[in-house]
Every structure is written in C-alpha cells, then in structure tokens.
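These are my notebook entries on a single structure, set down in the order in which I looked things up. I began with one loop and worked outwards from there.

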Amino acid sequence: MSLYCGIACRRKSFWCYRLLSTYVTKTRYLFELKEDDDACRKAHQTGAFYLFHNLAPLLQPSEHQHLPPKLRLLELEKLLDKFGQDTRRIEDSVLIGCSEQQEAWFALDLGLNSSSSANASLPKPEMETELQGAFMELRKALYRLNVKEASLLTTAQALLRWHDAHQFCSRSGQPTKKNVAGSKRVCPSNKIIYYPQMAPVVITLVSDGTRCLLARQSSFPQGMYSALAGFCDIGETLEETVHREVAEEVGLEVERLQYSASQHWPFPNSSLMIACHAVVKPGQTEIQVNLKELEAAAWFSHDEVVAALKRKHPYAQQQDGTFPFWLPPKLAIAHQLIREWVENPTCPALPA
C-alpha cells in the first residue's frame, strides 16, 4: 500500500511538473516575442491572426454558435492585396497569446487608422462579404463565445483600443512608435516608454443575509441589473473603495466583506475587475439611490435571482413591450458573484 502511494505521489508530481513546464515555456516564449521585434516578425510566419473592424471582432456562423476565424499570414496578405493595402499594415497587429505548440496569436484592426500607417480604413461590408462573416460589437459577441475565445478577443480589443488612443506622446506631442508585439509604445524624441494599463475597479455584490442588492445604469440594456461597481480612487485600498462605492451609490454601510476573484474587462477602457461580497449592517437596508450614478437599485430575493439565471433569452422583449429582469452574461465576473451568492447566500465574510 505504501509503495502504491509512493508511486502515485511521484506520478502526480511528475504531471504537475509537466504542466508547470508547459506554462513556463509559453510564458518565456511570449516574453521573447514582446522584447525582440525580429522574433515577433518571425512568429508572424507561423502564427494566426484575428481580425477586427473599428474594435468589432470578425465572427463566422458555425452551427449553433459563432466562431472567430483565424487567418494565416499568406491569407491575410492576399486579403490586404485584394483591397489595395500594403502588407506592412500587418505590423499594426498586436500579440494576444500563443498555443502550447508556440503558435503565436495576433489581432489586427482593419478599420482603425494608425498614425504610423498610410493605409485607410477598409470597407466593412465588402470585407464581411469576402470573409463570409460579420464584425460584431464585442458586448454582443460575448453571449456567443466560449471562455477561451472571449478572453482572447477582450484582450485583443483592449490592446487595439489602447494603441489607437496613445499614438502621441503626452510630454512631447510627437507620434509614438509601437513595437512589433504591441506590448509598448516609445516616443522617439524623449525615449519615454508607454505600457498598456488597466484601471482597478471594485465590483461588489451586497447582501443583507437573505437578499442581494442589484442596480442598473441608464447605459445598461433594458431589464439588466448587476452588482455595484466603481473605480478605485488614488490613495484608496480595495476595502475603502468598497465602503465608499456602496455608500455613494445606495446609501448603505458595509459591515463585512470578502474577496472573490478578479477579471480583465475591456469596457469602457480596459479595467481590472476586483470582485467582492459585502454584507450590510443589520436593520440598515433602506436604499437611497444616487441618481447621478444609477438609474435604479433594489433588493432581490433568492428565488427572483434563481429565476433570472435560468432565462435562456433574457434580453428579448416580452409581448407587453417590457423587458424581464435579467443578469450579466456568464463570462462576466458579476455573473460569477451572483451565482456564488445563490449557491451560498449566507457565505462567511471577513470583517470590513
């Protein structure tokens, strides 16, 4: 028995080592591509490209789902040539990941005009016809993608948007130059290096023990409610941000809170969503909505939230013209927070 356990443990350690080795190899390879322009150009030769048009990813219908097609370098060069574009435009692409076999993945937006490129925006309808797909707004696309594809495309959109918004140096006003991987931009006049950044945002699901508090902004789709969220102010800790946002938006005081998880979110301009559960003080549950921040906020029972989670087509308008109460998509961390609360409404929380 002891011999069997020893063999099993060694096998477990071996497979853990193999998994770790694969991850480390991928990470080191991506680091090399980010730091070495020539290596990244070489990776274009064997890599794959995801296409965007004005930050909307290209999707193709496939049975009951939509898939983002991957183009090889030769296919992309032929496409650009057909539309009268210089193939050097490929260097406007950004590195977004790689496979375990070190196939590098890139994203290229053919609708944005780069300061470093003389190429104009390519016509969207003609491109969709040529590629037998559609450039779909990313928020809508998230309902049709699996986790892996969603992660790649949100990373891609965030990087493409960042480069589009940082084409000039904030100090000199001169055009900045992107490295081949798109991991940074450099001002040639003063050598300042700019790196893509995310803004920290706390997203909090507030509970009173039996109900959870959900809110909506006017910009939300009709009927959708979500957890409270707000940017961290300079000088704040995460805990202080949770306290302030809950007080600002709904007029309640947090008694206890607990960290859940984090997620990159590309909207509106690339955020690091830091998810927490919070419990308010007993007997102090009267909501006072800050209408400058929110359109509405309300307490929802466990049964109401369970019913909302079961809706297959939540965003469809009902016969009476109204929209049902529904929740963020499964890929959003707000959905994860809500599902955690449904599975354990009285989950323990740390003192605030």
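**Entry 1: a loop between two strands.** I started at proline 268, which is found in the loop between strand 13 and strand 14. The model is a predicted one, and I read what follows with that in mind. I looked up the peptide bond that joins phenylalanine 267 and proline 268 and noted that it is cis, with omega at about -10°. Serine 270 lies in the loop between strand 13 and strand 14 as well, and I wrote down its phi as near 70°, a positive value in a residue other than glycine. I kept both entries because most residues other than glycine have a negative phi, and most peptide bonds are trans. Is serine 270 buried or exposed? At 9% relative accessibility serine 270 counts as buried.

**Entry 2: a second positive phi.** I then turned to lysine 191, whose phi is near 65°, again a positive value in a residue other than glycine. Lysine 191 is found in the loop between strand 8 (185-186) and strand 9 (193-194). With a relative accessible area of 59%, lysine 191 is exposed, whereas serine 270 is buried.

**Entry 3: charges over rings.** Going back to phenylalanine 267, I asked which charged end sits over its ring. I found that of arginine 139 there, 4.1 Å from the ring centre. I noted a further case at tyrosine 225, where the charged end of arginine 216 sits over the ring, 6.0 Å from its centre.

**Entry 4: the largest pocket.** Arg139 and Phe267 came up again when I looked at the largest pocket, since both are among the residues that lie nearest its centre, together with Phe220, Met224 and Trp265. I recorded a volume of about 940 Å³ for this pocket and a lining of 37 residues. The elements that give two or more residues to that lining include helix 5 (138-141), strand 10 (199-207), strand 13 (254-265), strand 14 (271-280) and helix 9 (333-343). Which strand gives the most to the lining? I found strand 12 in that place, with four residues. By class I listed 24 nonpolar, six polar and seven charged residues in the lining.

**Entry 5: aromatic pairs.** I searched the whole structure for aromatic pairs and found five. In one of them the rings of phenylalanine 49 and phenylalanine 106 have their centres 5.2 Å apart and their planes at 25°, so I entered the pair as stacked. Phenylalanine 49 lies in strand 1 (residues 48-53) and phenylalanine 106 in strand 5 (residues 104-109), so the pair ties together parts that are 57 residues apart in sequence. I checked the burial of phenylalanine 49 and phenylalanine 106 and found both buried.

For tyrosine 225 and phenylalanine 300 I noted ring centres 5.3 Å apart and planes at 65°, so this pair is edge-to-face. Tyrosine 225 belongs to the loop between strand 11 (211-216) and strand 12 (228-231), and phenylalanine 300 to strand 15 (residues 296-301), so parts that are 75 residues apart in sequence are tied together by the pair. Both tyrosine 225 and phenylalanine 300 are buried, and ring pairs link Tyr225 and Phe300 with Phe325 into a cluster.

**Entry 6: two helices and their sides.** In helix 3 (residues 73-82) I found Leu73, Leu76, Leu79 and Leu80 buried. They cover an arc of only 125° around the axis, which puts them on the same side of helix 3. On the other side of helix 3 I noted Leu74, Lys78, Asp81 and Lys82 as exposed.

In helix 4 (residues 124-131) I listed Met127, Glu128 and Leu131 as buried. Their arc around the axis is only 100°, which places them on the same side of helix 4. The face of helix 4 turned away from this buried side carries the exposed residues Pro125 and Thr129.

**Entry 7: methionine 136.** My last look was at methionine 136, which lies in the loop between strand 6 (134-135) and helix 5. Methionine 136 is buried, with a relative accessible area of 15%. I also noted that methionine 136 and glutamine 60, 76 residues apart in sequence, are 9.8 Å apart in space, C-alpha to C-alpha.

How values were computed:
Residues numbered from 1 in each chain as written. Predicted model: local features only at pLDDT ≥ 70, side-chain atom pairs only at ≥ 80, totals over all residues. Heavy atoms only, no water. Phe/Tyr/Trp six-rings, centres within 6.5 Å; stacked < 30°, edge-to-face > 60°. Buried < 20%, exposed > 50% of the residue type's maximum accessible area, 1.4 Å probe, protein only. Lys NZ or Arg CZ within 6 Å of the ring centre and 35° of its normal. 1 Å grid on protein atoms, 1.4 Å probe; cavity = no way out; pocket = protein on both sides within 12 Å on 5 of 7 lines; lining within 4 Å. Points joined across faces, edges and corners; volume = space filled by probe spheres on them. Nonpolar A, V, L, I, M, F, W, Y, C, P; charged D, E, K, R; others polar. Arc of directions from axis to C-beta.
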